[in-house]
Amino acid sequence: MEHPENDSAYKGLQVNSGVGSQPITNPYRKGRRRAPQLSVGEYVEGILKGDVSVLGRAVTLVESTAESHQAIAQEVIEKCLPYSGKSRRIGITGVPGAGKSTSIDVFGLHVLRRGGKLAVLAIDPSSERTRGSILGDKTRMEKLSQEKDAFIRPSPSAGSLGGVARKTRETIVLCEAAGYDNIFVETVGVGQSETSVHSMVDFFLLIQLAGTGDELQGIKRGIMEMADGIVINKCDGDNVDRAKLAASQFRNALFLFPPTPSKWKPEVITYSGYYELGIDLVWDMIDRYFEYVQKTGYFERKRNEQAKYWMIETIDEQLRSNFYNTPAVRALLEQKELRVLNNEQSSFTAAKDVLDCYFRELRREDM
């Protein structure tokens, strides 16, 4: 198509023809080569050397649902197990907006200044519809993410109960073997995941806010019973008086609960994560807790109980997976669901029939 601007009446103005449609991919970019799969020995060697790249790939294997990946991951975990268990495991929870990520950022810097290494395992909630996760916790830990001695790993909850990633426990083992002597596990903060996180950490920190009306709700849902320490965030500016009042209310509420299994009396402290005020007070409380439980022997007892708990949890998970992946069970389950929905059979007798089918299949395999 001719351009009228090229007419002699418009001397000095030149408009060239446009270019055709361009390809949506870069024609000069060569195909991306996949990194070769490492052997179990290479994974273990890299982890023990503190290689962050190898550690990240090992965690990806742990989170994978592929059977081939799981086989390698479990072997790596077994070989790393003797080098684990030498860290402080701290669970951090609180309602959304309480400032968990900001607090972890400043808590982590405090740990690093003391000469330690820190791994942050942030559980990110997955969509119930798409199963996708944003995995954006690392962007909210701006200072910590720039530190070479900090390893931040956001993981999708992938539909597990309360948003707790089922593989977080194994990831802790890998991080400890890599030399990280402080492990932070951040929960989703929706009031359901705390029990699972509590079963894999040594100290459970509850972050609260003042003036949100959440004080009574926190008492009702029982999170305070699990907390080893309660901290009131955003104690700065005009919010100082409200934060101190909330701290007083929480201290009074703690008298309503029975003694903790460790006999440690949870403390309530105010601080400001944004302005980094009172961070040393929070960490001094954590230091006192670890000194107390190691002196009384509760630290080792709790670690042993947690190991037994996760063995039972793994058995339950494997049994559940095996049950629902048995072809005969899947076929019968569809039939029984229809009968139950049509009021032709009760839920209880239908469940018994399906279980009997599963046990028959097990006996057939043993023959």
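Here are three short exercises on helix packing, helix length and strand pairing.

This is a predicted model, where local features need pLDDT of at least 70, side-chain atom pairs count only at pLDDT 80 or more, and totals for chains, interfaces and linings use all residues. Residues are numbered from 1 along each chain as its sequence is written, and side-chain values use heavy atoms, with hydrogens and water left out.

**Exercise 1.** Work out how helix 12 and helix 13 are oriented to each other.

*Solution.* Start with the geometry: helix 12 (residues 327-341) and helix 13 (residues 347-366) pack at about 170°, their axes 10 Å apart. Angles over 145 degrees count as roughly antiparallel, so helix 12 and helix 13 are roughly antiparallel. Next, look at who touches whom (heavy atoms within 4.5 Å): the helix 12 side includes L332 and K336, and the helix 13 side includes D353 and Y358. The residues of this contact split into nine nonpolar, one polar and three charged.

**Exercise 2.** Check the length of helix 10 (residues 279-296) against its expected span.

*Solution.* The expected span is 1.5 Å times one less than the number of residues. For the 18 residues of helix 10 that gives 26 Å, and the end C-alpha atoms sit 26 Å apart, so the two agree. Just past helix 10 comes G297, with a positive phi near 90°.

**Exercise 3.** Find the strands that pair with strand 6 (residues 229-232).

*Solution.* Pairing takes at least two DSSP bridges. Strand 5 (residues 203-208) runs parallel to strand 6, joined by four bridges, with L206 opposite I230. Strand 7 (residues 267-270) is also parallel to strand 6, again through four bridges; here G229 partners E267. Finally, check the faces: G229 and V231 on one side, I230 and I232 on the other, are all buried (under 20% relative accessible area, 1.4 Å probe, protein chains only).

Terms used: Axes are lines fitted to C-alpha atoms, for helices over the stretch in contact, and angles run from 0 to 180 degrees between N-to-C directions. Helices (H or I, at least four residues) and strands (E, at least two) are DSSP runs, numbered from the N terminus. Angles under 35 degrees count as roughly parallel, over 145 as roughly antiparallel, 65 to 115 as roughly perpendicular and the rest as oblique. Ala, Val, Leu, Ile, Met, Phe, Trp, Tyr, Cys and Pro count as nonpolar, Asp, Glu, Lys and Arg as charged, and the others, Gly among them, as polar. Buried means under 20% relative accessible area, exposed over 50%, partly exposed in between (1.4 Å probe, protein chains only).
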